[in-house]
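Q: Could you take me through one part of this protein up close? I'd like to look at the nonpolar side chains, both the ones tucked inside and the ones left on the surface.

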Amino acid sequence: MIGTPILEPLTRFIRNQQLILIVLAIVTGTAAAFGAVVFRELVVLIQTGTFGASLEKMSDVIHDLPVWHILLVPTIGGLLIGLFVHFFMPGRRPRGVADVMEAAALRSGSITVKEGLSAAAVSAASIGVGASVGREGPVVHLGATLSSLVATRLRLSRSQAVTLLGCGVASAVSASFNAPIAGVFFALEVVIGHYALSAFAPIVIAGVIGTIITRLYFGNFPAFIIPDHSLVSFWEFPAFAMLGVVCALTAIIFLRSISFASNVAGSVPIPNYLKTAGAGLCVGIIALAFPEVLGVGYEATDKALNGQYDLAILIALIAAKTAATAICIGAGFGGGVFTPSMFIGAMVGGAFGLIATEILPELSSGHSAYTLVGLGAVAAPVLGAPISTILIVFELTADYALTIAVMVAVVISTVITQQIKGHSFFTWQLDRRGINIQGGRESGLMATTRVADVMSLRYTPIPLGLNINGVREKLLTAPHGELFVVDDEGSLFGTITLADLSDGAFDHSIDDVVNARDVARLHPPVLSSDDSLERALEMMESTGEEHVGVVEDRESMKLVGFVHEIDVMVVYNRALLEARREERGEV
């Protein structure tokens, strides 16, 4: 329920919780949109200072710069960014969309302001010094941070906080691409994970707000300049399907290149800030031949859409951009892969279109159509967002026939990539950190609930010197038939069950000879009171134990309680029910 002191005046006038959430969506959408505007202006400011012009419109400028300038800017920039990440970023790594997904699934939508603002600064600086990364991922994280700030200050419930997180994401994507429908579905598809009306309505409002604000500030211009085009014939669809296969292979190579670069960077025994400096130098070297790889690459994508590159240049740019982006992401620059994947897709589509037109000119819709289809068909599997990517292309073109072609290629590309690779870029990032968000709400609750919150105090401790007859008597009344043997300081020594007594369970001739110390099972599985229920469930599954002792910490081993498998499963089932209610919009 929404009932914090800050909101009490509002709740007096608006009794409907959904209407209050829509009001908050307007606030959140506005904040995220202005965050996107500030981020873009900050990038332009840094680019102007480092290269003398915005990297979106600076091919001529780069060609006129001396070699030392092109090499020095990303190298020195990489060193400074690496130092900032090392000393000031939580966890010493940049942030992006994957962290927003983690926050939504496992942390009740919580992102700290320090984390969000630091990540935005790192990403803006990375793009500004020429790193081959995208700006949409950082904008999404910034929008989510501002949403989380509102939710935290108002102490909203988990479902409401996650919905506001989606509002920030929708507004940020809408603002980046001037595509409100795509922004809404990206938030629902990638971050929220369901389409319940309770989340859908506020997120739509936020997406519209984000579009309105950026159109008022930047004007009503699409992200890319789309030339006139038309689909010649439906007989061309087999070619679009084949392009989907090619795009799948390209996406797999792109993802594996990032993984390879990350592994190489992780294995090099030097400080991380030297790795970003080295990556900057590598990007500068690539830019000497292909300046298009610097920054987000919007200008090169526009040129590909308008047929300004020949086949050799298109193929070369695919390789150069893949290498540059993999190096930058792997070495630790801030930024995303949204725009780089679209850049690579546009080049793949353009190259495929040139070949297809050469073979069957009378059936070809021209380079522009294939470039747009390729743009979507590479980006969709890389981002793990096929619906959103299709909608981006549709909003860019307003062409139903071409959108069908995009759908065909995107579906084929996504299915092939998932079957072979199994991950999008974002889920790969999470998997690399050992995070699985597939369980969503239930996994989040299991990961954030401590064992101390559900453990039982009804355990039976016995001293080391208790004779075997006393052990038998205690077992008769012990919860779940297990005794915990402790020393004089209360530290856990071992456990005893009826099975541990073996033949001694009924042999009274040893009553005065054997005690608890002699029959106790030593080094039993234990949990710390600070362990999560996720850890408890994993231990029970791996050891086969139904109940496990809980200690204050693993150094003192002081026994404070025990947790039973039933207690863990009750919490898990409750989380499942709450997750299902959220998806149906009942909370």
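A: Here is a walk from the whole chain to the inside, and then out to a patch on the surface. Keep in mind that this is a predicted model.

Let's start with the overall picture. The protein has 25 helices and seven strands. Of its 587 residues, 57% count as buried. If you take the contacts between residues at least 6 apart in sequence, 75% of them join residues at least 24 apart.

Now for the inside. In soluble globular proteins, nonpolar side chains tend to be buried together. Here, the largest nonpolar core has 133 residues. V169, F186, I203, M347, F425 and F426 are the ones with the most contacts inside that core. Pick F425 and see what it touches: setting aside neighbours within four places in sequence, F425 is in contact with L255, I258, I329, V337 and V382.

You can also find whole stretches that are covered. Take helix α5, residues 97-106: ten of its ten residues are buried. Don't expect just nonpolar names there, though, as the buried residues of α5 include D99 and E102 along with V97, V100, M101 and L106. After α5 comes S108, which has a positive phi, near 55°.

What about the cysteines? C247 is buried, with a relative accessible area of 0%, whereas C282 is partly exposed at 34%. The closest cysteine sulfur to that of C282 is in C328, 8.9 Å away, so the two are too far apart for a bond. For the protein, the count comes to zero disulfides.

Finally, let's go out to the surface. The protein exposes about 24400 Å², and carbon and sulfur atoms supply 62% of that. Look for L311, I315, L354, I355, I359 and L360: these residues form a nonpolar patch on the surface, with about 510 Å² of accessible area together. Two elements give two or more residues to this patch, namely α14 (311-331) and α15 (338-359). The largest share, three residues, comes from α15. L311 lies in helix α14. Why does L311 count as partly exposed rather than buried? Its relative accessibility is 31%, and buried would mean under 20%.

So there are two places to compare on screen: the core around F425, one of the residues with the most contacts inside it, and the surface patch that includes L311.

Definitions and conventions. Residues are numbered from 1 along each chain as its sequence is written. This is a predicted model: local features need pLDDT of at least 70, side-chain atom pairs count only at pLDDT 80 or more; totals for chains, interfaces and linings use all residues. Side-chain values use heavy atoms; hydrogens and water are left out. A nonpolar core is a set of buried Ala, Val, Leu, Ile, Met, Phe, Trp, Tyr and Cys residues joined through side-chain atoms within 4.5 Å. Buried means under 20% relative accessible area, exposed over 50%, partly exposed in between (1.4 Å probe, protein chains only). Contact means heavy atoms within 4.5 Å. Helices (H or I, at least four residues) and strands (E, at least two) are DSSP runs, numbered from the N terminus. A disulfide is a pair of cysteine sulfur atoms within 2.5 Å. Patches are made of residues with over 30% relative accessible area and no salt bridge: like charges are joined within 9 Å, nonpolar side chains (Val, Leu, Ile, Met, Phe, Trp, Tyr) within 5 Å. Accessible areas come from the Shrake-Rupley method with a 1.4 Å probe; for residues, only the protein chains shown count as cover. A salt bridge is a side-chain nitrogen of Lys or Arg within 4 Å of a carboxyl oxygen of Asp or Glu.
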